[in-house]
Each structure stands twice: as C-alpha cells, then as structure tokens.
Amino acid sequence: MTLIQDKVESCVSALLKLESNLSKAKDNNLFDEGQPIHMTVQCIRVPAMNKRNLRFCLPNPLIDESSEVCLFVPNLQKGRSIEYEPTVQHYQDILKEHKVERISQIIPLNQINTEYDRYELKRNLVNQFDMFLADGRITGHVQGLIGKPIHMKRKLPVPVDFRAKDLKKEIDNALSKTLMMMTGHSEKSSLKIGHTKQSVPQIAENIVAVAEELASKYPGGWENIRSLKIHLQDRASIPVYISLKSCNDVEIPVVTPRIPKKAKPVEGELTTMPGVHVTVLPDGEVIVKKRKLTKEDIEFGLSPSDLEDFDPDEEMDANSADEEVAPKVESKKKVKKTAPLSKTKKERNDDADSDVNSVDENTHVVEAAEDAYLSEWREQWNENIKRNGKKRKEMVDEDLNDVPQTKKPKILQDKTKKKKLKNGTKEPKLLQDKTKKKKLKNEGKKENILQDKTKKKKIKDVKIKETVVEDLNDVSQTKKSKDKTKKKILKNVEIKET
C-alpha cells in the first residue's frame with residue numbers, strides 16, 4: 001500500500017492554509033521561524049514490545065544551513081583531569097579531510113563530565129542545538145550522561161560510523177534522519193515530518209517516504225496501521241490515511257528484544273542441583289543437562305549411579321538428612337534376601353503392646369530427669385538472690401556510716417522557712433494591688449462612659465436648638481412675606497379707587 005502524492009499535497013496545502021489564517025490573527029512573532037509539522041501514527045492493535053526508537057530517512061531533511069549541529073566524540077586519552085582540546089583538534093582535522101562543514105561544535109565525553117555536570121547546564125546544552133550526532137561507540141554513554149533533558153526534547157544523538165570510507169555521506173545520511181519513539185503501552189506515536197519553510201511538494205515527498213518505510217519497520221506492518229494524521233503544534237490534525245479494518249482481523253504483533261552483538265551464552269554448574277550442567281542463552285532461555293563424570297569425580301569415588309539417582313524435580317524435606325537415607329537403602333537390601341514371615345494376630349498385638357510400654361517408660365524417664373534439673377536450678381537461683389540481697393544491705397549500711405554529719409540540712413530548713421514566710425507575706429500584697437488596679441480601671445471606664453454620654457447629650461441639645469431656630473426663622477420670613485403681599489393689595493385697591 002502506497003500513498004498518492006497528489007492527495008497528500010492537497011492535505012498539506014489545507015494544513016498550511018489553516019495555519020496562515022490563524023497566524024494572521026496573531027502576528028506576535030518577531031522572526032519568521034518555521035514551525036515543525038508532525039505526523040501521528042495510530043495502530044489497530046498495540047504491539048507487545050519494550051521501548052523502541054525507529055529512525056526514518058527523509059529525502060528533504062529538516063536541517064538547514066542556518067541550523068546548529070553538535071557532535072559527541074570519545075576521548076583520545078583516559079582520565080578526567082586530562083585536557084580535551086587535543087581530542088577536539090583531532091576530530092576537526094578528520095572532518096576537514098572529508099570536507100564536512102555542517103557541524104558547528106565538537107564535544108568530547110570528558111567535557112560533558114566536567115562542564116555539564118548540573119541539570120540546568122545540561123538543559124541549556126540541549127536547547128542550544130537543533131540536532132545531535134555521536135560516534136556509534138558512545139551513543140549509549142551520551143544518553144546516560146545527559147539524561148532526562150535530551151529525552152524530553154526528543155533529540156537523541158544519531159549514531160555515526162567514523163570508520164566508514166565516505167564519512168561525508170555517512171554524516172549527510174545521519175542529518176537527514178527523523179526519530180519516532182515508541183512505547184508498548186499507547187496506540188499513537190509521533191515524529192517530525194517537515195516544517196513550514198519547506199514547500200508543499202517537499203513535505204509530501206517526506207510523508208510518502210516515511211509511509212513506505214513504515215510498511216517494513218512498524219510492528220505488524222501496514223496492516224496494523226489505523227491512521228496517519230499531520231498537524232502543527234496545538235492545532236487541529238488533518239488525516240492523510242484511514243483504515244476501517246476491525247481489530248479481530250489483525251493479530252497482536254510480538255517484537256522480540258534485540259540481542260547485543262557482544263552477548264554470549266554462559267555455562268556452569270549449580271550448587272543446588274549437583275550433577276547438572278546449566279547454560280543460559282542471551283535471550284534468557286535456560287538449558288539444563290545431566291553432567292558426565294570427570295576425572296576429579298572419579299578420583300573422589302563417584303559413580304554414574306550417583307548422578308542418575310539425583311532428580312532435581314523432587315522436593316526434599318527440610319528436616320531430612322543424608323545420614324537418615326542410607327539405613328533405609330540397607331534395610332531394603334536385607335528384606336530382599338530374607339523373605340518376610342507371616343505372623344498371627346496375637347503376635348502382632350503383643351508386639352504393639354510391647355512398643356507402647358517401651359515408649360511410656362522412655363517418656364517417664366525423660367520427665368523425671370527434667371524435673372530434677374529444674375529443681376536444682378531453682379535452688380541455685382534462690383541462693384544467688386539471697387546472697388545478692390545481703391550484699392546490697394551491707395553496702396547501703398556502709399555508705400550511711402561513711403556520710404559525715406554537717407549543718408547543711410539545718411541551713412536548708414531555715415532557707416525553706418524564710419521562703420515560705422516571704423511568699424506568705426507577699427501573696428496578700430499582690431492580691432491587694434491587683435484588686436486596686438481592677439477598681440481603678442473600672443472607675444476610669446465608668447467616668448469615661450459618663451463623659452461620653454454627657455457629650456452626646458450636649459451635642460443633641462445643640463442640634464435641636466439649631467433646628468428650632470431655623471424653623472422660627474422660616475416662620476418669621478413667611479409672615480413678613482404675607483404682610484408685604486397684604487400691603488401691596490391695599491395699595492392697588494387705593495389706586496383703583498382714586
């Protein structure tokens with residue numbers, strides 16, 4: 001199954017139009033930086049696997065001439081106190097020979113340990129560069145040294161083989177790769193597919209190339225892919241491919257972990273399983289085989305029957321011992337030589353009674369011995385207690401006799417009496433002072449309250465008088481106005497009459 005490039009281009013153009021319409025509303029960017037375009041891959045059945053990283057080669061890489069690339073390099077000499085400048089110079093010369101110009105900085109392992117030992121410095125290092133490359137021999141060490149920041153930003157170093165003949169081609173291939181991190185728990189996983197500075201056909205070529213590689217690299221193949229969607233950061237996604245296949249038609253893909261090249265099987269013997277040769281393979285498989293006799297075993301006197309009799313699956317009791325097993329084997333051999341005689345019921349009953357009587361006699365003897373031992377132990381215990389008690393009394397009497405008679409107790413008695421008398425005289429004074437203070441406070445409070453009340457009454461009386469005077473003034477003014485009106489009316493009447 002392959003994607004049609006024309007339809008993919010239409011999806012990409014729709015995504016870019018949506019972004020341009022939204023970016024016009026918010027023109028807050030000072031620089032025209034290209035935003036990354038992500039593609040999410042959703043599966044039908046979650047594969048049974050551990051964490052795994054997949055890398056895909058893009059025909060149009062994400063790295064430009066303006067982007068910064070860092071290269072991690074192993075140390076030429078061992079030791080922390082050794083300077084790392086010679087190693088940097090050595091690898092710069094190698095890159096110049098092969099005409100590699102895209103790498104902006106070279107950092108050896110020694111420099112990471114000395115200069116980037118804090119978390120903040122490691123985080124700044126990860127934010128400083130757009131991509132990381134590393135010598136294939138130390139990629140695991142670099143991830144362990146930098147730790148969480150490089151995983152959070154998904155900038156894991158791409159391994160480079162410095163022993164390759166064409167080193168420039170090797171580095172160009174590493175710079176054109178993109179990373180997809182997968183966990184065995186979620187259905188979705190995402191990867192960078194391009195950026196907004198690229199043209200629509202370039203982004204579409206990258207999508208088609210990744211889809212072709214997913215068919216072979218993704219667990220379960222193309223049949224296990226539910227959908228492919230492209231989106232920008234914090235934007236709606238646009239589907240490129242969708243499958244309506246049911247989950248029952250697809251089996252759960254199982255991915256076995258990769259075995260390292262240097263892993264070898266381990267062979268040996270176990271003390272818990274004698275006579276057995278055990279081999280542990282790198283996958284974790286355990287193979288158990290019976291061991292053959294060696295010269296040392298023959299010198300110790302072992303025979304093949306000693307190894308054959310042992311069965312590792314049998315469970316032995318904790319209380320059982322090797323000495324108890326031997327008599328049973330001998331008794332079996334004796335029984336085989338002499339045929340067993342048939343006994344009557346009476347003889348069997350007599351034998352049983354004799355066994356019971358012997359057991360009872362043995363128990364009585366044991367109990368009597370225990371009682372005798374306990375009685376002796378109690379007597380010794382009581383005697384020791386009495387001796388210790390007498391010694392303690394004698395020691396106490398000697399100490400009392402040795403103490404010299406002094407006048408200190410009398411002085412102490414006199415001091416205590418004086419203190420009591422002083423406290424007895426002081427207590428009533430303190431009580432009197434407290435009561436006086438309380439009375440004075442209460443009297444002061446009462447006087448203040450009375451003063452406040454008198455002030456409030458005076459203020460009210462003054463206000464009432466002012467209101468009364470204003471009312472009287474108003475009344476007098478009204479009367480004056482009425483008199484004036486009457487006078488005018490009289491004047492007018494007189495004028496009319498004349």
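1. In this predicted model, Cys70 of strand β3 has Phe132 as its bridge partner in β5. The two strands, β3 and β5 (residues 131-135), run parallel and are joined by four bridges.

2. Strand β3 is also joined to β4 (residues 105-108), again in parallel and through four bridges. Within this pairing, Leu71 stands opposite Ile106 of β4. As general background, strands of a sheet pair through backbone hydrogen bonds, in either a parallel or an antiparallel manner.

3. Is β3 mostly covered or mostly open to the outside? Strand β3 (residues 69-73) is mostly covered, with five of its five residues buried. Val69, Leu71 and Val73 point one way from the strand, while Cys70 and Phe72 point the other way, and all are buried. In a regular strand the side chains alternate between the two faces of the sheet.

4. Two residues of β3 recur in the description of the nonpolar cores. Val69 and Val73 belong to a core of 19 residues, which also includes Val88 and Leu95. This core is separate from the largest one, which has 34 residues.

5. Which residues have the most contacts inside the largest nonpolar core? They are Leu3, Met39, Ile207, Leu214 and Leu228. The elements that give two or more residues to this core are the helices α1 (5-25) and α8 (200-217), together with the strands β1 (36-43), β2 (52-57), β7 (177-182), β8 (188-195), β9 (225-231) and β10 (238-242). Helix α8 provides the largest share, seven residues.

6. The surroundings of Leu3 deserve a separate remark. Apart from neighbours within four places in sequence, Leu3 is in contact with Val8, Ile207, Val208, Ala211, Trp222, Leu228, Val240 and Tyr241. Among these partners, Ile207 and Leu228 are themselves listed with Leu3 as residues having the most contacts inside the largest core.

7. Several strands that contribute to the largest core also form a sheet. An open sheet of four strands has the order β8-β1-β9-β10, with antiparallel pairing. Its edge strands are β8 and β10, each of which pairs on one side only. From one strand to the next, the twist averages 20°.

8. Where do β9 and β10 meet, and how many bridges join them? Four bridges link these two strands, which run antiparallel. In this pairing, Lys229 stands opposite Pro239 of β10.

Definitions and conventions: Residues numbered from 1 in each chain as written. Predicted model: local features only at pLDDT ≥ 70, side-chain atom pairs only at ≥ 80, totals over all residues. Heavy atoms only, no water. Core = buried A, V, L, I, M, F, W, Y, C linked by side-chain atoms within 4.5 Å. Buried < 20%, exposed > 50% of the residue type's maximum accessible area, 1.4 Å probe, protein only. Contact = heavy atoms within 4.5 Å. Pairing = 2+ DSSP bridges. Axes fitted to C-alpha atoms, helices over the stretch in contact; angles between N-to-C directions.
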